[in-house]
Amino acid sequence: MPTAWTVRAITWAMFPILVLLTLVEVGSGLVLNRFEAQLLRYPTLLALVPVTIGTAGNLGSILAARLSTAFHLGTLSFDIRDDTLTGNALATIALSVSIFPIVGIGAWSLTALTGMTRLELWRVVIIALLAGVCLAVLATCVTVITTYLAYQLELDPDDVVLPAVTNICDVLGVIVLFLVVQILV
């Protein structure tokens, strides 16, 4: 694993990843633009977008930090029977079940304060919960895969996994949220 902490080494390792992730973020904006009419029709969804994708990215980031620490300690084996791997992955998904209903209630409450609520509270909570749990599963998969790829490519997971997870969760978050909305609205 490269250990040089020079500007050149860090730039060489990070620049291609950041360019690729910038393109991923542009994709997120394009997907979001496609659903603009629905966002304007239901302001609660507009409030739900950033907090949903941000929370999914945060869950993935927490898992990434835990896996990176385990990797550096030599306690991560990338085996499905590895307690560190499966325990942290399951905890991430379980946490999403408890946090995303709160996200839904918060988004609905904020739009209710402005008088722009056009969806029922229960519907917003269900949308947030279903989208959030799906995103947590996807964020877990993305985190494990990118941590493994970083290991295989001899890159430091601390440098590449967090930016990859948060950027990919932005795109997946928009897609998953609007798939759930299409089913429930």
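Is P43 buried or exposed, and what is the relative accessibility behind that call? In this predicted model, P43 counts as buried because its relative accessibility is 9%, and the cut-off for buried is under 20%. That proline lies in helix α3. Leaving aside neighbours within four places in sequence, P43 is in contact with T111, M116 and R118. There's also a long-range pairing to look at: P43 and W108 are 65 residues apart along the chain, yet 9.1 Å separates their C-alpha atoms.

**Two helices with bends**

Let's look at α1 and α4 side by side.

| Helix | Residues | First to last C-alpha | Expected span | Bend |
|---|---|---|---|---|
| α1 | 28 residues | 39 Å | 40 Å | about 35° at M14 |
| α4 | 31 residues | 45 Å | 45 Å | about 30° at V97 |

Helix α1 runs over residues 7-34, and its reach is close to what you'd expect at 1.5 Å a residue. Its bend sits at M14, with the proline P16 following within four residues. M14 is also one of the buried residues of α1, along with I17, L21 and S28. If you want to see what covers them, α6 is part of the answer.

Helix α4 has a similar story to follow. Its kink at V97 comes shortly before a proline, P101, and P101 itself is on the list of buried residues in α4. That list also includes L85, N88, S96, F100, G104 and T111. The cover over the buried part of α4 includes α3 and α5. T111 ties back to the opening, as it's one of the residues in contact with P43.

Both ends of α4 have something to check out. At the start, a side-chain oxygen of D82 reaches to within 2.8 Å of the backbone nitrogen of T84. Just after the helix, G115 takes a positive phi of about 75°.

**The cores**

Now for the nonpolar packing. The largest nonpolar core has 25 residues, and the members that touch the most others are L45, L48, V49, I127, L177, F178 and V181. Four elements give two or more residues to this core: α3 (43-73), α4 (83-113), α5 (121-152) and α6 (157-184). A second, separate core is made of 12 residues, among them V142, V160, A164 and V165.

F178 is a handy residue to click on in the largest core. Not counting residues up to four places away in sequence, F178 touches L32, F35, Q38, L39 and V49.

Over in α5 you'll find T146. T146 counts as buried because its relative accessibility is 15%. Its side chain reaches the backbone oxygen of T143 at 3.2 Å. Setting aside residues up to four places away in sequence, T146 touches V161, A164 and V165; A164 and V165 are both in the second core.

**What the record says**

An unreviewed UniProt entry places the feature "transmembrane region" at residues 12-33, 45-69, 89-113, 125-149 and 161-184. In the model, residues 45-69 are 100% helix and 0% strand, with end C-alpha atoms 36 Å apart. Residues 125-149 are also 100% helix and 0% strand, and there the end C-alpha atoms are 35 Å apart.

The unreviewed entry also carries the annotation "domain: SLC41A/MgtE integral membrane" over residues 49-180. That span is 85% helix and 0% strand, and its end C-alpha atoms lie 12 Å apart.

Definitions and conventions: Residues are numbered from 1 along each chain as its sequence is written. This is a predicted model: local features need pLDDT of at least 70, side-chain atom pairs count only at pLDDT 80 or more; totals for chains, interfaces and linings use all residues. Side-chain values use heavy atoms; hydrogens and water are left out. A nonpolar core is a set of buried Ala, Val, Leu, Ile, Met, Phe, Trp, Tyr and Cys residues joined through side-chain atoms within 4.5 Å. Buried means under 20% relative accessible area, exposed over 50%, partly exposed in between (1.4 Å probe, protein chains only). Contact means heavy atoms within 4.5 Å. The expected span of a helix is 1.5 Å times one less than its number of residues. The bend at a residue is the angle between axes fitted to the seven residues ending there and the seven starting there. UniProt positions are given in the numbering used here, feature names are shortened, and annotations may be inferred rather than shown by experiment. A polar contact is a pair of N or O atoms within 3.5 Å; within protein, one must be able to donate a hydrogen and the other to accept it, and residues adjacent in sequence count only if both atoms are side-chain atoms.
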